[in-house]
Amino acid sequence: MKHAVLMRSVQASVPEAAEDLPAPATPETPIVVAARSSGPSSALLAARWVRKWLAQHRAEVRSYVVGAISLALFLLAWHLLTTHRVSFHVRFTNVPTPAQVFQSLARAIHDGTLSQHVVLSCRRIAIGFIIAALIAVPLGLVMGRFRFARDVIFPVSEVLRPIPAIAWVPMSIMLWPSNEESIVFITFIGSFFPILLNTLHGMASVDPVLVRASQCLGAREFSIFREVYFPASLPSIFTGLTVGMGVAWVSLIAAEMISGQFGIGYFTWEAYSLVQYPDIALGMICIGVLGLGSSAIIRGIGRIVMPWKHTT
Amino acid sequence: MSLQAAITSDNGIGTKGRIEVSHFGLSYDSADAQVEAVTDAGIAVEPGEFVSIIGPSGCGKSTLLNAVAGFLKPTRGTVLVDDEPVDGPSADRGMVFQQYSLFPWKTVRENVEFGLKMKGMERSRRESAARTLLGLAGLLAFENQYPERLSGGMKQRVGIVRALATGPKVLLLDEPFGALDAQTRIIMQQILTNMWQRLKISVLFVTHDIDEAIFLSDRVYCMTARPGTIKAEIKIPLPRPRQQSMMMSSEFLALRRGLMSLISEESLKAMGGEVNDDALQGLAIDTHGHKLSEII
């Protein structure tokens, strides 16, 4: 009890101590000043709250600020290099400026072509990736549990695995009746092997003591699988899904550039063919943002599925 | 609800197990030869008795325990629990591991519930049963925490409660406090004896800590170095309930000295040879007239 009281008093003294320090130069500071002039008591509270919040989140605020500055510098460098048409072996003469790209984005949003391409690419990713996950995860679990299954499947997977998804393009066009299916298939192939291998790795690294503990508590084959092997493999499975998602985008863009009629990869390549240079950069940025977004979705799902991983 | 009622509500009271291991031998094939881990070991645990196995590291005491748990099949001899040969692990024989072995993806309460879930008990009943047990163990405040956030001592308390939740006939513990610091270990020993006295469950406890074995047990089996067999069986006539202060009593110390000499002899063997007092004559080790084997 004494400890608890002591702790509380220490915590209480922290914001007061923080008040003595000069306020950090951040966008929040003017708000505090403005609030102070309107009503003394509430303004004081607000100021205290803001300072406390800043004191607690100093590291995060700093990394956000640094990140924003870094992005701004990147944009600035891009702007300067392209507006001055710098050319020292690497040629920026034809590279669009950020402003041009922004204009082209505004136009593309207005006429709706870009969103069509984006939606189609996302659909291909979703179908290819989800099918890959639905096959690779159970397959990896079964291969990890039953030696026979691994002995049968592993050699085939090892032979096929090193073949980059792009090398599947001609074969895929032959295999599938429609162009759409062949592109989805390439996306599937790209994400399949990272998911499979990581699931296998997860199964191999399950702590045998946990398996024994479950057996001592009366768990049988299926329960052990569901209650121990599967949750124990989840972190690895999600590593596989994240990597698989990255490779899925790589494969999709390549396939769309080679054989597509729609999609963001096709959009980017077509922009080059039609000498619409701002669209090249626009397509690239879209791909980057989509890749970022999809891996964020997987991370988010992982956080929901594995609450025990983020408690500390 | 008492601890006993909470745990044995399903099984009925008085189903404590009797363990009987006779002429137990276990060997396995290594690269070049057959290795004999345990040979001709015999132990017995009467219903409700607390028995420890002690011995130098690598003597096969954990092997013996794992055979009782059903993880290892004896090469020779028999392992009986309530006159039935052990055939694979079962919820009748609860086990506590040194590495805590809580499921990291389950909360404290879900860990305790696990055995009941495997028995097919419905959710609401097993939840309240687990809550009762956690309350008795003083862990109710942590029921929704994940094990990662608990201290070692708390983890092992959960481990013990989890093993007891299904109402096993015997409790097997494999150096359960080996990873804890000295203070926590003493508290855990006290908690374990309290629980055991209330449940009157049969306990087989493996340790390499002599004090721990004496403090907890009714009887202690001392094993030889590999290939392990039972070297001696020592009755611990200390009265119950046992207090920490007993560890200073002359009776305790006499038992300790006896066990110590048994163990150190075997430990030396396990390390590859016996210490020859004569060989140390010329060295600057002052043994104050004692034999080296008495000191170590």
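The exercises below walk through a predicted model of a complex with chains A and B.

Residues are numbered from 1 along each chain as its sequence is written, while chains are lettered from A and ligands numbered from 1 in the order in which they are written. Local features need pLDDT of at least 70 and side-chain atom pairs count only at pLDDT 80 or more, but totals for chains, interfaces and linings use all residues.

**Exercise 1. Judge the confidence in chain B and in the complex.**

Step 1. Start with pLDDT, the predictor's confidence in each residue, from 0 to 100. Its mean over chain B is 84, and 86% of the residues reach 70 or more.
Step 2. Look for weak stretches. Residues 9-14 of chain B have pLDDT below 50. Residues 279-286 of chain B are also below 50.
Step 3. Turn to the complex. The predictor gives an ipTM of 0.82 and a pTM of 0.78.

**Exercise 2. Describe the side of chain B that touches chain A.**

Step 1. Count the residues in contact (C-beta atoms, placed from the backbone, within 7 Å). Here 22 residues of chain B meet 15 residues of chain A.
Step 2. Find the elements. Helices (H or I, at least four residues) and strands (E, at least two) are DSSP runs, numbered from the N terminus. On chain B, β6 (93-96) and α3 (108-118) each supply at least two residues of this side.
Step 3. Sort by class. Ala, Val, Leu, Ile, Met, Phe, Trp, Tyr, Cys and Pro count as nonpolar, Asp, Glu, Lys and Arg as charged, and the others, Gly among them, as polar. This side of chain B has 12 nonpolar, 6 polar and 4 charged residues.

**Exercise 3. Work out how α5 and α6 of chain B pack.**

Step 1. Take the geometry. Helix α5 (residues 152-165) of chain B packs on helix α6 (residues 182-199) of chain B at about 20°, with the axes 10 Å apart. Axes are lines fitted to C-alpha atoms, for helices over the stretch in contact, and angles run from 0 to 180 degrees between N-to-C directions.
Step 2. Classify the angle. The two helices are therefore roughly parallel (under 35 degrees).
Step 3. List contacts. Among the residues that meet are B:Q156 and B:I160 in α5(B), and B:I187 and B:L192 in α6(B).

**Exercise 4. Place A:Y277.**

Step 1. Locate A:Y277: helix α13 (residues 277-305) of chain A.
Step 2. Check its surroundings. A:Y277 has 17 other C-beta atoms within 10 Å, so it is partly exposed (buried means 20 or more, exposed 12 or fewer, partly exposed in between; C-beta atoms are placed from the backbone).
Step 3. Find partners. Beyond four places in sequence, A:Y277 touches A:N94 and A:P96.

Terms used:
Two residues are in contact if their C-beta atoms, placed from the backbone, lie within 7 Å. Angles under 35 degrees count as roughly parallel, over 145 as roughly antiparallel, 65 to 115 as roughly perpendicular and the rest as oblique.
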